[in-house]
Amino acid sequence: MSGLSGARAIHTMATWKNPQSPKLWLAAVRAESRHGNKKEADILMAKALQECPMSGVLWAASIEMVSRPQRKTKSMDALKRCDYDPHVIAAVARLFWHEKEFEKARNWFNRAVTLSPDIEPKHGEKWTAVSEPVENSHQPVEAILKKVVVDLGNEESAFV
């Protein structure tokens with residue numbers, strides 16, 4: 001908890017100086033979520049969306065945070081705000097994938113990659129988090145891909 005307290009203090013100072021930084025808000029929300037503070041994470045996400053209403057990254061994270069019955073509504077809200085953001089499009093694709101509507105999911109994933117090829121595996125947030133540590137820096141692509149899949153599976157089971 002002392003690490004979380006320090007992180008909160010740093011986040012408060014950082015957002016005071018730069019309140020419209022989606023990355024800062026997302027880091028704070030994820031820190032609270034990692035420590036099991038769902039209510040605090042929800043409050044921070046609401047504040048983040050007020051400060052950065054056009055941030056696709058925040059809307060995508062918001063879609064993933066809400067309970068399953070609320071995801072469709074949250075997706076519609078996100079699409080109204082930023083319908084051409086690849087992160088939102090990918091979040092909607094994941095929603096279709098969870099609902100086992102694989103053809104729709106494939107179409108939406110293709111749409112997201114068409115809008116921004118940088119959210120493909122070698123440039124995405126999950127990929128770089130696994131590939132950049134020193135112990136993985138010289139691993140072949142297949143080995144890194146397997147580690148990313150394991151991480152995504154662990155993350156997926158936390159949200160279900």
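Here are some worked exercises on a predicted model of one protein chain.

**Exercise 1. Overall fold**

Find how many helices and strands the protein chain has.

*Solution.* Start by counting the elements: the chain holds nine helices and zero strands. Next, read along the sequence, where the pattern comes out as α-α-α-α-α-α-α-α-α.

**Exercise 2. Does the size fit a globule?**

Compare the radius of gyration of the protein chain with the value for a compact globule.

*Solution.* Begin with the length, 160 residues, for which a compact globule would have a radius of gyration near 15 Å. Then take the value for this chain, which is 16 Å, and the two agree. For the dimensions, the C-alpha trace spans about 40 × 40 × 25 Å along its principal axes. To finish, look at the contacts between residues at least 6 apart in sequence: 42% of them join residues at least 24 apart.

**Exercise 3. Surface and charge**

Describe what the protein chain exposes and how its charges are placed.

*Solution.* First, the exposed area is about 10500 Å², and carbon and sulfur atoms supply 58% of it. Second, buried residues make up 33% of the 160 residues. Third, take the mean position of the 23 positive charges and that of the 20 negative charges; these lie 4 Å apart.

**Exercise 4. Helix α2**

Check the length of helix α2 against its residue count, then list its buried residues.

*Solution.* Helix α2 covers residues 22-34, which makes 13 residues. At 1.5 Å a residue it should span 18 Å, and its end C-alpha atoms are indeed 18 Å apart, so the helix agrees with expectation. Its buried residues are Trp 25, Leu 26, Ala 28, Val 29, Ala 31 and Glu 32. When reading such a list, keep in mind that an α-helix has 3.6 residues a turn, so residues three or four places apart point the same way. After the helix comes Gly 36, with a positive phi near 80°.

**Exercise 5. Two residues in their surroundings**

Decide whether Val 57 and Ser 131 are buried, partly exposed or exposed, and find what each touches.

*Solution.* Val 57 sits in helix α4 (residues 56-65). Its relative accessibility is 30%, so Val 57 counts as partly exposed, between the 20% and 50% cut-offs. Leaving aside residues up to four places away in sequence, Val 57 touches Leu 26, Asp 85 and His 87. His 87 is 30 residues from Val 57 in sequence, yet their C-alpha atoms are 5.7 Å apart.

Now turn to Ser 131, in helix α8 (residues 125-131). Its relative accessibility is 15%, under the 20% cut-off, so Ser 131 counts as buried. With the same sequence neighbours left out, Ser 131 touches Asn 136, Ser 137 and Ile 144.

Notes
Residues are numbered from 1 along each chain as its sequence is written. This is a predicted model: local features need pLDDT of at least 70, side-chain atom pairs count only at pLDDT 80 or more; totals for chains, interfaces and linings use all residues. Side-chain values use heavy atoms; hydrogens and water are left out. Helices (H or I, at least four residues) and strands (E, at least two) are DSSP runs, numbered from the N terminus. The expected span of a helix is 1.5 Å times one less than its number of residues. Buried means under 20% relative accessible area, exposed over 50%, partly exposed in between (1.4 Å probe, protein chains only). The radius of gyration is taken over C-alpha atoms; the globule rule is 2.2 Å times the number of residues to the power 0.38. Contact means heavy atoms within 4.5 Å. Accessible areas come from the Shrake-Rupley method with a 1.4 Å probe; for residues, only the protein chains shown count as cover. Lys and Arg count as positive and Asp and Glu as negative; His and the chain ends are not counted. The place of a charge is taken as NZ of Lys, CZ of Arg, CG of Asp or CD of Glu.
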